[in-house]
Amino acid sequence: MTSTSPTSTAPTETSAETRADRFVRDLAVLKIPDPAAGRATLWLRLGVVLMLVGPVLAVTAFLMSRGTTDALTQGDALTVALAGITASVVGAALFLRYSLIGFLRFWLARQSYDLSLLADRLLERDHHHDLTGNEAAPR
């Protein structure tokens, strides 16, 4: 993202600029970091991997405990199963946390954009307001 000076926050929309272009420009002005470039994506992927590894460890532990009569091996299988459950819970927590961060970040940016658009419309309406007082209906 590019850094901008505080004076660049004034609306400088051109007629060729689309609404999406303006939204991207406003995101840059708000200095909202790109989530794809940060560590959030790495933690999100780690959460998915841990959620997938957990059940694999649990099934492996079940098969390991069923294939032997040795109590020590069955104890090891119990430990592997508990590690699988722990990995699943931690992975789900990571996935939920970083998924919500991405969603809420986008929601906040969208809300800010909508408020800015509303303010621009209100200012434009005030700008075109007839100052002579000869309006047909009061506002």
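## A charge over a ring

Let's start with a small detail: Arg97 lies over the face of Tyr98, at 4.6 Å from the ring centre. Keep in mind that this is a predicted model, so every distance here is computed from that prediction.

Tyr98 has a second partner. Trp43 and Tyr98 form an aromatic pair, and the count of such pairs comes to one. How is a pair like this described? By the distance of the ring centres and the angle of the planes. For Trp43 and Tyr98 the centres are 6.4 Å apart and the planes are at 10 degrees to each other, so the pair counts as stacked, as the angle is under 30 degrees. Trp43 belongs to helix H2 and Tyr98 to helix H3, so the pair ties together parts that are 55 residues apart in sequence.

Are the two partners buried or exposed? Tyr98 counts as buried, because its relative accessibility is 17%, under the 20% cut-off. Trp43 is partly exposed, with a relative accessible area of 35%.

## The overall plan

Now let's step back. The chain has three helices and zero strands, and along the sequence the pattern reads α-α-α. Of its 139 residues, 14% count as buried. The accessible surface comes to about 10500 Å², and 67% of that belongs to carbon and sulfur atoms.

What about contacts between parts of the chain that are separated in sequence? Take the contacts between residues at least 6 apart: 71% of them join residues at least 24 apart.

## Helix H1

Helix H1 covers residues 19-30. It has 12 residues and reaches 16 Å from its first C-alpha to its last, close to the expected 16 Å. Right after H1 comes Lys31, whose phi is positive, near 60 degrees.

Which residues of H1 are buried? They are Arg22, Phe23, Asp26, Leu27 and Ala28. These buried residues pack against H3. Here is a handy idea for reading such a list: an α-helix has 3.6 residues a turn, so residues three or four places apart point the same way.

## Helix H2 and the loop after it

Helix H2 runs over residues 40-66. With 27 residues, H2 reaches 40 Å from first C-alpha to last, close to the 39 Å expected at 1.5 Å a residue. Its buried residues are Gly47, Gly54 and Ala61, and what covers them includes helix H3.

Between H2 and H3 there is a loop, and that is where you'll find Thr68. Thr68 counts as partly exposed, at 23% relative accessibility. Leaving aside neighbours within four places in sequence, Thr68 is in contact with Thr73 and Gln74.

## Helix H3

Helix H3 takes up residues 71-127. It has 57 residues and spans 84 Å from its first C-alpha to its last, close to the expected 84 Å. The buried residues of H3 are Ala77, Ala81, Gly84, Ala87, Gly91, Leu94, Tyr98, Ala109, Tyr113 and Leu117. What covers these residues includes H1 and H2.

Ser99 is also part of helix H3. Ser99 is partly exposed, with a relative accessible area of 27%. How many residues separate Ser99 and Thr41 in sequence? The answer is 58, while in space they are 9.1 Å apart, C-alpha to C-alpha.

## The nonpolar core

In soluble globular proteins, nonpolar side chains tend to be buried together. Which residues make up the largest nonpolar core here? There are five: Phe23, Leu27, Ala109, Tyr113 and Leu117. H1 and H3 each supply at least two residues of this core. The largest share, three residues, comes from H3.

Phe23 is a good residue to click on in the structure. Not counting residues up to four places away in sequence, Phe23 touches Phe106, Ala109, Arg110 and Tyr113. Ala109 and Tyr113 belong to the core as well, and both appear among the buried residues of H3.

## Putting it together

So what do you have in front of you? A predicted model of a chain with three helices. The buried residues of H1 pack against H3, and H3 is also part of what covers the buried residues of H2. Trp43 and Tyr98 add a stacked aromatic pair, with Trp43 in H2 and Tyr98 in H3.

Notes: Residues numbered from 1 in each chain as written. Predicted model: local features only at pLDDT ≥ 70, side-chain atom pairs only at ≥ 80, totals over all residues. Heavy atoms only, no water. Helix = DSSP H or I, 4+ residues; strand = E, 2+ residues; numbered from the N terminus. Expected span 1.5 Å × (residues − 1). Buried < 20%, exposed > 50% of the residue type's maximum accessible area, 1.4 Å probe, protein only. Contact = heavy atoms within 4.5 Å. Phe/Tyr/Trp six-rings, centres within 6.5 Å; stacked < 30°, edge-to-face > 60°. Lys NZ or Arg CZ within 6 Å of the ring centre and 35° of its normal. Core = buried A, V, L, I, M, F, W, Y, C linked by side-chain atoms within 4.5 Å. Areas by Shrake-Rupley, 256 points an atom, 1.4 Å probe, with all protein chains shown as cover.
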